[in-house]
Amino acid sequence: MTLLKPAKAPLPEVTAATASGKAKAETDAQLGRRTMWGPAFALPHGLGLAIFTLLPIVVSLVISFFRWPLLGTPSFLGLGNYEKLFSDPIFGQVVGNTVLFVVLYVPLNLVVSLGLAAWLTPRIKGRHIFRVIFFIPSITPVVANVVVWRMLYQPGGFIDGTLQSATGISAPNFLGDEHWAMMAIVVMSVWQGFGYNMLVFSAALDAVPENLTEAAAIDGANAWTIFWRIKLKLISPSIFFGTMMTLITSFQVFAQPFILTKGGPGSATSTIVLYIYNQGFQFHQLGLASAAAWILFVIILGVTAVQFLGQKKWVHYDA
Amino acid sequence: MRKEALVAGALALSLIGLTGCGGSSSGSTADGKTAMTWAMWVGGTEDQKNWEKVADDVSNTLGDVKITLQGSTFQDYFTKMSTQLSSNTAPCLVAVQSLRTAQLKDGMLPLDDLVKKNNLDLSAFDSSMIKGLSADNNLYALPYDVGPVMMFYNKDMFDAAGVPVPKAGWTADEFVAAAKKLTANGKHAIAPNTADLLVESQVLAYNGGRVLKEDGTMDASDPTFAKGLQWVSDLTSKEKVSPELPGGDTAFSANEYMAGNTAMSIDGPWSLLDVKAKAKFKVGVTTLPAGPGGGKTFSAGSGWGISKQCATPDKAFAALKEMTGDKVLGNLAAAGRALAARTAQQTKWIDNAGIPGVAETLKSAEATAVPMPSNTNSDQLGQLFNQYLVKSINGQQSAADVMKDIAAQLPR
């Protein structure tokens, strides 16, 4: 507060002293002093942003036009890396896998998180405990979660063992069969990731004014109509936020396939970020990895832009 | 003036924050010694202590050098080291595995001149390791351990199944016959492997097929290798003496063996004593089963070299000489950590092992062992093996088709 005072005080003087040239010069100096404070305080953060975020972004774009081995001399390739990626059937499969993951994961995540948030109304006894329990997977390290899920999925593991003792039938080899592996990763990811959206939706539902739902109930609307026609529309900004964030992070899926399957069997669960990691840090082709990263960036940018354009039709900010 | 001072102060603070990004490969300690970092993979607390003792012993012997260990897990080591070498933040002393020499060599110092200058006698080392740690006719590291890939077995399971324990030089047919008897009651004879060195050794022993040729070139479309891999895969899908792979997991085979779920596991002497200490059964060793046209095994090992960024290569070489000297390697052998690359020290490891038949097995395996060559694409091949072998082993695709897919993804 003490810092704000001298900055605020000269304001009346500025208007009062406009007639005097000398006084105006002084106020300009004061104004100048004031305008310097902002940049001065922003400088440390600005430098950090420039050096650790903007510079790497620019450098990665530059690297994407080179054959850039981790060790050795880079050579200029022009669009060579991009051409290679677009003509590589494996990269095509990798993009397809990522899209498949997004298409399966995002709706499932939203349905589960919204469903649980709707269930956790203030009338539910111990709702806070449930909220904490449902949120735990989101704050547990993904590596630990994956290790547990691997034990569930493997032949002779929990799922297979339970199914065998109950029905005598073996469960599929979830992670060792290319037809099941992606589904297994999606299910594990939904379990891991729904807690965050659930918390956001739950808070938004709590903020829906009671007088609106009461008025609708008096008018004869049942619980389903109230949820569908009133609550869902009022929390649409939160759903939009949840959808956006989930979409962006799901395009960047890495840890689950990296630890559960290494991208296999074959390339059945290889995703774009896993591909980038392998190309960059396993096979030391930083140029190709950077080009793939830029392709991912463009995909995410495109999908986000479409979302923003589409939101006008279903997101209501005027509650 | 105050505002300028403030802006300058903010700038200075920002720059101070950034200085942590730099790195240096050597420097001096407070008492004037040359400080040197040594990058090494570490398998656990015991391992860490072993290597720290080596660092301290060598620092004490040399007197003017202080070596500090920079440990990381084996899985992360090569990614970390490649990144450090490329970003000029690598330590002076760098560990390298023989089959990955070619990948790191661009960031490492050829040691040939230093060997000559210091009159180091290389003939005291296992010759296959000197070859294994060389690339383009330059030596990049001095070896500390060596070992042919061999077969570990669970003697208790063999006894319980009434199967005589295998003798060095056993054949693939004898192996399959024994494996069938050992597979019962949810237990299997052996779990499949996707680790490059181990599966390539298994195929080499079976029919001599190899992806990495003697001259270090790589040919993933080699038809003999594909046939050998099909035999390995059939152990799961046809003979049913191996369980299915639950996804790409290079540790699966060893873990199943340690858990007592399988009777055999393909591994190297570097893990034998650790296995013996942790296993709840009697451990035995023998050679890999030999098929028609096979009978050989790969040997691999590791060594320590000097990064190109090291400011004090002479002092680093003095440290290397000591680290791979009779004293240190003798101690490591006696502690069971490493089958010494210095042939004179190997008996200490064998005596310490206390596993019947280990001397004969080693002798027999070493006689047929060929060094596993290194190639710049070895990591990529290893990664692709881990991803794709699941398909042939679990019977989803033929070994020939899997190798075709792998070959298509390797740089030509």
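This report walks through the cores, the chain contact, some backbone features and the salt bridges of a predicted model.

## Nonpolar cores

Start with the largest nonpolar core, which has 112 residues. The residues with the most contacts inside it are Phe175(B), Met264(B), Phe385(B), Met403(B) and Ile406(B). Ile406(B) touches Ala220(B), Leu381(B), Leu384(B), Phe385(B), Tyr388(B) and Leu389(B), leaving aside residues up to four places away in sequence.

Another core lies apart from that one. It has 72 residues. Among them are Leu71(A), Phe78(B), Trp304(B) and Ala319(B). In soluble globular proteins, nonpolar side chains tend to be buried together.

## Where the chains meet

Chain B gives 35 residues to the contact, and chain A gives 34 residues. The area buried between them is about 3,000 Å². Carbon and sulfur atoms give 62% of that area.

Two salt bridges join chain B and chain A. Lys391(B) forms a salt bridge with Glu178(A), with the closest N and O atoms 3.3 Å apart. Nine residue pairs, both members at pLDDT 80 or more, are in polar contact across the interface. On the side of chain B that touches chain A, the elements giving two or more residues are α1 (2–18), α3 (74–86), α4 (101–104) and α17 (378–393). The largest share comes from α17(B), with eight residues. By type, this side of chain B divides into 13 nonpolar, 16 polar and six charged residues.

## A buried histidine

His284(A) sits in the loop between α14 (272–282) and α15 (286–314) of chain A. Is this residue buried or exposed? It has a relative accessible area of 11%, so it counts as buried, the cut-off being under 20%.

What does His284(A) touch? Its contacts include Trp68(A), Pro69(A), Leu70(A) and Gln279(A) in chain A. They also include Ser82(B) and Gln103(B) in chain B.

## Loops with backbone features

The loop between α13 (255–260) and α14 of chain A holds Pro265(A). The peptide bond from Gly264(A) to Pro265(A) is cis, with omega near -5 degrees. Lys262(A) lies in the loop between α13 and α14 as well. Its phi is near 60 degrees, a positive value in a residue other than glycine. Lys262(A) is partly exposed, with a relative accessible area of 25%.

In chain B, Lys240(B) has a positive phi of about 60 degrees, although it is not a glycine. Its place is the loop between α10 (223–237) and α11 (252–258). At a relative accessible area of 53%, Lys240(B) is exposed.

## Salt bridges

Over all chains, the structure has 17 salt bridges. Lys105(B) takes part in one with Asp106(B), at 3.4 Å from N to O. Lys105(B) also meets Asp136(B), at 3.2 Å. Asp136(B) lies in the loop between β5 (134–135) and β6 (138–139), and Lys105(B) in the loop between α4 and α5 (112–117), so the pair ties together parts that are 31 residues apart in sequence. Lys105(B) is buried at 14% relative accessibility. Asp106(B) is partly exposed at 40%, whereas Asp136(B) is exposed at 55%.

Lys155(B) and Asp159(B) form a salt bridge at 3.0 Å, N to O. Both lie in helix α7 (residues 155–161) of chain B, four residues apart, about one turn of the helix. Lys155(B) is partly exposed at 29%. Asp159(B) is partly exposed at 43%. In chain A, a network of salt bridges links Arg127(A), Arg131(A) and Asp206(A).

Terms used
Residues are numbered from 1 along each chain as its sequence is written. Chains are lettered from A and ligands numbered from 1 in the order in which they are written. This is a predicted model: local features need pLDDT of at least 70, side-chain atom pairs count only at pLDDT 80 or more; totals for chains, interfaces and linings use all residues. Side-chain values use heavy atoms; hydrogens and water are left out. A nonpolar core is a set of buried Ala, Val, Leu, Ile, Met, Phe, Trp, Tyr and Cys residues joined through side-chain atoms within 4.5 Å. Buried means under 20% relative accessible area, exposed over 50%, partly exposed in between (1.4 Å probe, protein chains only). Contact means heavy atoms within 4.5 Å. Buried area is the accessible area (1.4 Å probe) that two parts lose on being put together, summed over both. A salt bridge is a side-chain nitrogen of Lys or Arg within 4 Å of a carboxyl oxygen of Asp or Glu. A polar contact is a pair of N or O atoms within 3.5 Å; within protein, one must be able to donate a hydrogen and the other to accept it, and residues adjacent in sequence count only if both atoms are side-chain atoms. Ala, Val, Leu, Ile, Met, Phe, Trp, Tyr, Cys and Pro count as nonpolar, Asp, Glu, Lys and Arg as charged, and the others, Gly among them, as polar.
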